[in-house]
Amino acid sequence: MEKREERVVEEGAAAAAAAAAGGEAEAVAEAEAEVNPWEVSGKIDYDKLIDKFGCQRLDQSLIDRVQRLTSRAPHVFLRRGVFFAHRDFNEILDAYERGDKFYLYTGRGPSSEALHLGHLIPFMFTKYLQDAFKVPLVIQLTDDEKCMWKNISVEESQRLARENAKDIIACGFDVTRTFIFSDFDYVGGAFYKNMVKVAKCVTYNKVVGIFGFTGEDHIGKVSFPPVQAVPSFPSSFPHLFNGKDHLRCLIPCAIDQDPYFRMTRDVAPRLGYHKPALIESSFFPALQGDTGKMSASDPNSAIYVTDSAKDIKDKINRYAFTGGQDTKEKQRLYGANLEVDIPVKYLSFFLEDDDELEHIKTEYGLGRMLTFDVKKRLTEILVEIVERHRRARAAVTDEMVDAFMAVRPLPSMFG
Amino acid sequence: MGYTKDQLLARLQELRIEFSKYEHPVVLTVEAQAKHVGNVGASLSKNLFLKDKKQRFYIVSALADTKVDLKVLSQRLGLGKGGLRMAPEEALGEILQVPLGCVTPFALVNESARHVSLLLDQGFKSQQGCLFHPLSNDTSISLNTLSLDKFLKSIGRDPSYVDLEANPKVGKDQPPDLAALVPSDSIVLPEFAEGAPPSEHSNENHAATDVKPKAVKAKAVKTPAVAEKVKDKSSTGVLPSISFTDAGQFVEEILDKTSAILLSEIRDDTVRQHGEQLGAVVSDTLRKRLSSELKNLAIMFKNTAYTEGFHAGTRHQPKRP
């Protein structure tokens, strides 16, 4: 869903008040962290965010429970606190333990460029959930959304949806358990009936409150929200979940999406459906760090899946913001500032071995390891990930996309 | 970025394609190349990268001695009399992703070249071996047409051999005989020096976990017409791996990877360190290092098989009653 930059939220007002009250440094600190559906910037305090949004922390006991139920090590993103918040995940697990399965729902607004690593993270995690729990997955490509918000043609948005589908499939989803659909192809029938039911439950004022629409926005935008709400309801997919109206839904997403799904969760009980559960991730930092903006006009702010090994090495070496000291001598004396060091942060996302990560953090923090070494290890890992992705993507044919997107039954989706 | 020489050669080996490799100093012309590999018992080729007025591109690969008349070729393709000319230098880098002096049929391995048409000299067929650059001017490889065809088929191309010296009449009752070789799509080169910058990414529905820029502007990166044809400069080859369609190859690849780790883990020092336990230790290491990778391979194999079945299913004829 697009973001709107002009919307004023409580934090903005609070920051203005703090500034007026004097103490510039304080005001700056207040103004730093901005998290609302239109803007994420500054140093984020995730605890405060959880409080403000009203969701729950994903604590160790839940992670342990996942391990027990799935008989495998929890995903690195769970162990490292990348996916750190949730709504009703414990209920999903309760139901699962009783033998009631669930399905996964995630999606993407198809954009024109290749995906970067930040885009892949929710898909990597969703794949793990699919494999660990052996449940089906629906993936929504909101080509209509892009057509409206980015003002591209219908054909172009459909073409982009298919291109993005290839990268998504390359993440390793199981075709016998996965249904990918684009809005332009699929909206209609049971899906549309649910859209109308949802639309009837949400007032114009409410969507203005959540999405910040103004009188100047075209009606396409205003009526879009139900499109991304209804995949949470199993009756939207009669070819998959016929008769399973009480099947629960789990949505892996980034925490800035929380406000959108609050709308869905609000509506669900009124329609007689379970509220969808959420499992939420923190933000993937830009190469330049917290202060840097991951900007699509700056290809050096992210690692793309089309980057060559050389590109990756160059980007890490030249643009990654480090917490290392300026000179070797200082580094050995003071050690690195792990709080701001991007290579270490990236390693915490992608280095699977907990022991090795601890070792690097200790040595680097104490100054016994140099930034150069950390960057080198990171480059190795990222190159491996990107090359594996490229190889998998090269094997995705148009026919494979057709198969994933075909409206067909998935008989072994819970097997 | 485009395929490298090493990636291409590894690919040929994977496909079990026979070729001989000759390394030499960088050469930019056939004459210079002849000085180094003129006597190896294989025939030199000359390779032209051409374009027509409608931004369609061609590689004409011929024996060095074959006379290639661009005016005749242009008519035979149905492009009129002066329709073909040498492609500009930038196109070499953008589309074929090879340096100057390195035009070669092998450049078609790159995604960026998927709409480039290839015309091969019929004369190649009678040669024991023909010499081409494997994406780099400092090497030449010789292979016969059977091998070249095998490669081309592996990247989804149908090899087209043409009598390049023929000069058939082209007129009202004699249609251009090579018209089928004109590409269906034109290729527009990007106007920006760096290739297309990625477009502004918005707050995607479920997939975005990154820090958003403060000002989100809806910005179309390129006009739709250009966007249609231009491929990101850093996109790579079109080769799908055979390991995903051929069960034998699939197993070989798994065994190769396993052997490699096994051999690297059994060394004097590890034998001394673990003694009798080495087997259990290496077994654990194998699982740890390979489990995820092999599962990914397996899922792609499964998806590929399902896709083929699905495709066949959409075309199958129901049983007669």
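**Entry 1: helix H7 of chain A**

I began at the residue after H7(A), which is A:Lys134. Its phi is positive, near 55°. I note here that the model is predicted.

Next I looked at H7(A) itself, residues 117-133 of chain A. I checked its length against its residue count. At 1.5 Å a residue, its 17 residues should span 24 Å. The end C-alpha atoms are 24 Å apart, so the expected span and the model agree.

Is H7(A) buried or exposed? I found 15 of its 17 residues buried, so the rest of the structure largely encloses this helix.

**Entry 2: H7 against H21**

I then looked up how H7(A) packs with helix H21 of chain A, residues 371-394. The angle is about 70°, and the axes lie 13 Å apart. Angles of 65 to 115 degrees count as roughly perpendicular. H7(A) and H21(A) are therefore roughly perpendicular to each other.

Which residues make the contact? From H7(A) I listed A:Leu117, A:Leu120 and A:Met124. From H21(A) I listed A:Leu382, A:Ile385, A:Val386 and A:His389. I sorted them by class: 6 are nonpolar, 1 is polar and none is charged.

**Entry 3: a helix pair across two chains**

I moved on to a pair with one helix from each of chains A and B. Helix H22 of chain A covers residues 398-405, and helix H9 of chain B covers residues 278-314. They pack at about 85°, with axes 9 Å apart. H22(A) and H9(B) are therefore roughly perpendicular to each other.

On the H22(A) side, I wrote down A:Glu399, A:Met400, A:Asp402, A:Ala403 and A:Phe404. On the H9(B) side, I wrote down B:Met300, B:Asn303, B:Thr304, B:Tyr306, B:Thr307, B:Phe310 and B:His311. How do the residues of this contact divide? I get 6 nonpolar, 4 polar and 2 charged.

**Entry 4: cysteines**

How many disulfides does the structure hold? I found 0 over all chains. A:Cys253 is in no disulfide. Its nearest cysteine sulfur belongs to A:Cys55 and is 9.4 Å away. A disulfide needs the two sulfur atoms within 2.5 Å.

I also checked accessibility. A residue under 20% relative accessible area counts as buried. A:Cys253 has 0% relative accessibility, so it is buried. A:Cys249 has a relative accessible area of 2%, so it is buried too.

**Entry 5: a buried lysine**

I looked up A:Lys146, which lies in helix H8 of chain A, residues 143-149. Is A:Lys146 buried or exposed? Its relative accessibility is 1%, so I count it as buried. I also took one distance from this residue. A:Ala161 is 15 residues from A:Lys146 along the chain, and their C-alpha atoms are separated by 9.5 Å.

**Entry 6: the two chains in outline**

I finished with the totals for each chain. Chain A has 415 residues, and 58% of them count as buried. I count 22 helices and 9 strands in chain A. I then took its contacts between residues at least 6 apart in sequence; 79% of these join residues at least 24 apart.

Chain B has 321 residues, and 46% of them count as buried. Its secondary structure comes to 9 helices and 8 strands. Among contacts in chain B with a separation of 6 or more, 69% are between residues 24 or more positions apart.

Key:
Residues are numbered from 1 along each chain as its sequence is written. Chains are lettered from A and ligands numbered from 1 in the order in which they are written. This is a predicted model: local features need pLDDT of at least 70, side-chain atom pairs count only at pLDDT 80 or more; totals for chains, interfaces and linings use all residues. Side-chain values use heavy atoms; hydrogens and water are left out. Axes are lines fitted to C-alpha atoms, for helices over the stretch in contact, and angles run from 0 to 180 degrees between N-to-C directions. Helices (H or I, at least four residues) and strands (E, at least two) are DSSP runs, numbered from the N terminus. Angles under 35 degrees count as roughly parallel, over 145 as roughly antiparallel, 65 to 115 as roughly perpendicular and the rest as oblique. Contact means heavy atoms within 4.5 Å. Ala, Val, Leu, Ile, Met, Phe, Trp, Tyr, Cys and Pro count as nonpolar, Asp, Glu, Lys and Arg as charged, and the others, Gly among them, as polar. The expected span of a helix is 1.5 Å times one less than its number of residues. Buried means under 20% relative accessible area, exposed over 50%, partly exposed in between (1.4 Å probe, protein chains only).
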